[in-house]
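Morning, everyone. I have one structure to walk through today, so please have a look at it while I talk.

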Amino acid sequence: MAHRVGIWRRAASYARVVVSTRPISSSSEIPTLYSFLRPSIFALHQPKLQPAENPPQPLRVSPPKALTQDQLSALESSLRLAVESGSGEDAWKAFKAITCGGAYPRSHLFDSLIRCLCSLGDKHSLKRAFAALVYVVERKGELVEAGSVRVVLESLSAAGSAAAAFALVRCVFRNRVFVPFGVWGDVLVDVSRKSGEVRAFLGVFEECCRVGLDEEIAFLMPDLNGCNAALDGCCRELESVEDAERVVELMALMNVRPDEVSFGCLGYLYALKGMQEKLNELEGLMGALGFSDPTFFISELISGYVKAGNLESASAAVLRSLRERSVEDSSFSDEIYAEVVNGFVKAKSVKGLATLIAEAQKLEPASIAAERSVGFGIVDACVNLGWLDKAHTILDEMNAQGASVGIGVYVSIVRAYCKQHRTAEAAQLVVDISSSGLQLDVGTYDTLIEESMAGQDFQSAFSVFRDMRESRTQDLKGSYLTIMTGLTENHRPELMAAFLDEVVSDPRIEVGTHDWNSIIHAFCKAGRLEDARRTFRRMVFLRFEPNEQTYLSLINGYTTAEKYFSVLMLWNELKRKLSSDVDKGVRFEQSLFDAFLYALVKGGFFDAVMQVVEKSQEMKIFVDKWRYKQAFMEAHKKLRVAKVRKRNFRKMEALIAFKNWAGLSS
């Protein structure tokens, strides 16, 4: 606790002197009601004004005539109506008329005016709101509501008018209009961060602390977020130990308890300046205050060390974090890894990154997820910074050092190759991963296979899927469907057949009749009927039952090629199955009847035609006779029964039966 006293509990009298001896004067920045259109107050930097050659002489103006109560009431009514109708011009005229008469609108009316002007969204109206607020603050501060100050500050922040925002807050303090810090503090913090006006914010911050302490008004004093904002500006933007420690003194006086952000800011600054004794003091105080997780603090140390070019200390801090944190604790942020990588690359020390990863892997538990490892964080930062070549150099350097490469290093590079469509290199890296005894996660496998198929790199997809199967991954369904779908869309039935034949025996993959149908259909569509027939035989051999889609694809393919005898053979095969009641997979629907009938009529196999007709009648399926009458006339219009009788009596009977059925008998 002695450390705590040394930093956060300095003598109150000393600190009070430090605060009170930093007065802020900004009277030159506050415009009057009639000079508010001067643009400099709304710019980030004050322009240098050139003196006029013939400066105008001041006008002698008579004192304003005081308004009567009736006149004031009438003007207030006009002001209220203008505000309600959203007329900023009329509202402004009413306000000017009231103030020119030496009066002021009531508090709620003035607040409504300010909100109306700010809501109009143009810079001219915003300047009017600013001028009106400053005017009343300087002359009748008790009329000003806290909400008015907040609204104007928010509008100034949105408009990028940092100078005006700071001027308004200084004006409020100078005229002792005490608005709680919670009303305006966060807005001014945002303004200072956007504009980079750290010194300006520190001036307002210290003024706020001084007034709050001197007047003993608690609500004026900055809260922890405000203090941390001031501290962050001192440490990161100004890099000033003196300013940072002055903010610490003020926090102690105001009884603002520091948090990990407070310590992190100081840790960054002391690491940047190489002040090891100060760092030791900070860490002792953190322990006394009960901060058990040092991850954020160490992250800030790393950031400071890297900024200072002290890469050895940065590496030591990374390894220290691994020693001190539990498995459940979160790892470093992407920003910290990016800073580390930038620092090492700037120093041309990719070898140092490889060494750091190798040392980190010795400290990381075997159960750590790939994405939470230091190796992944560093390599992923390289990739995100556009340095994939350096990421691979880290991998090569680790192999050269004989260090074991963790899965996290590989995962980031594989994913980067996928994003850049370099799937062949990614597939080769997968082989290296497997040979190292490591295993990728399912998501990475799936992503790589999807990318390979999208780029028509089928061999890489097959290679990765083969590795995926050998890695004993249980969830293969997604990648299997990706490959089959991609091959179907790219009309590669021969690859589909080879792939299916390779994986059909794997119990983790649910191969079904529809998969075989896809291949058969693709072969038939391409006119490769022998390959379709061979696939059909292979399907049956492996005990996959054909269904109506199987037969439809084959029939349509044979019919297109005018191979009607093959359709007859298909019918005879199916007929035997139907007669033995073995085939339960085929639903004999109209589309299948139509396909068989059309092909068999075109081929002149009328005995089989009548068998199909008989089956359709048995199953009460409607058959469009006109279609088959047309098919007969196209293919056999010169065929005569007498000629058929001489050659084949059975065929003659079948022909007569068909003609009677189709209505072709004369």
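R492 is partly exposed, because its relative accessible area is 30%. The partner to look at is E494, also partly exposed, at 25%. The side chains of R492 and E494 form a salt bridge, at 2.7 Å from N to O. Which other residues are linked with R492 and E494 in a network of salt bridges? They are R528, E530, D531, R533 and R534. I should say at this point that the model is predicted, not an experimental structure.

Now the overall picture. The protein has 35 helices and zero strands. Of its 666 residues, 49% are buried. Taking contacts with a separation of 6 or more, 69% of them are between residues 24 or more positions apart. The accessible surface is about 32,700 Å², and carbon and sulfur atoms account for 51% of that.

Back to salt bridges. Searching the whole structure turns up 39 of them. One of these joins the side chains of R174 and E138, with N and O 3.6 Å apart. R174 sits in helix α8, residues 162-174, and E138 in helix α6, residues 123-140, so this pair links distant parts of the chain, 36 residues apart. Are these two side chains buried, exposed or in between? R174 is partly exposed at 34% relative accessible area, and E138 is partly exposed as well, at 29%.

A second pair is R176 and E215, where the closest N and O atoms of the salt bridge are 2.9 Å apart. R176 is in the loop between α8 and α9, the latter being residues 181-195, while E215 is in helix α10, so the bridge ties together parts 39 residues apart in sequence. R176 counts as partly exposed, because its relative accessibility is 48%. E215 counts as partly exposed too, at 34%.

Helix α6 has another residue I want to show, V134. V134 is buried, with a relative accessible area of 0%. Where is V134 relative to V169, 35 residues away in sequence? From C-alpha to C-alpha, V134 and V169 are 9.7 Å apart in space.

Compare that with A454, in helix α23, which covers residues 442-454. A454 counts as exposed, because its relative accessibility is 62% and the cut-off for exposed is over 50%. A454 and I483 are 29 residues apart along the chain, and their C-alpha atoms are separated by 9.7 Å.

Next, the interior. The largest nonpolar core contains 213 residues, and the members that touch the most other members are W184, I302, F465 and F658. Which helix gives the most to this core? That is helix α10, residues 198-215, with ten residues.

Take F658 from that list. Leaving out residues up to four places away in sequence, F658 touches V601, F606, V609, M610, Y628, F632 and L664.

One loop residue is worth a stop. T473 is in the loop between α24, residues 458-470, and α25, residues 477-489. Is T473 buried or exposed? T473 counts as buried, because its relative accessibility is 4% and buried means under 20%. The T473 side chain makes a polar contact with the side chain of Q439, at 3.3 Å. Besides Q439, and setting aside neighbours within four places in sequence, T473 is in contact with V442, Y445, M468 and R508.

Last, the annotation. An unreviewed UniProt entry lists "repeat: PPR" for residues 223-258 and 512-546. That comes from the record, and such annotations may be inferred rather than shown by experiment. What does the model have in these two spans? Residues 223-258 are 78% helix and 0% strand, and the end C-alpha atoms of this span lie 10 Å apart. Residues 512-546 are 74% helix and 0% strand, and here the end C-alpha atoms also lie 10 Å apart.

To sum up: this is a predicted model with 35 helices and zero strands. A search finds 39 salt bridges, and the largest nonpolar core has 213 residues. That is what I have; questions, please.

Definitions and conventions. Residues are numbered from 1 along each chain as its sequence is written. This is a predicted model: local features need pLDDT of at least 70, side-chain atom pairs count only at pLDDT 80 or more; totals for chains, interfaces and linings use all residues. Side-chain values use heavy atoms; hydrogens and water are left out. A nonpolar core is a set of buried Ala, Val, Leu, Ile, Met, Phe, Trp, Tyr and Cys residues joined through side-chain atoms within 4.5 Å. Buried means under 20% relative accessible area, exposed over 50%, partly exposed in between (1.4 Å probe, protein chains only). Helices (H or I, at least four residues) and strands (E, at least two) are DSSP runs, numbered from the N terminus. Contact means heavy atoms within 4.5 Å. A polar contact is a pair of N or O atoms within 3.5 Å; within protein, one must be able to donate a hydrogen and the other to accept it, and residues adjacent in sequence count only if both atoms are side-chain atoms. Accessible areas come from the Shrake-Rupley method with a 1.4 Å probe; for residues, only the protein chains shown count as cover. A salt bridge is a side-chain nitrogen of Lys or Arg within 4 Å of a carboxyl oxygen of Asp or Glu.
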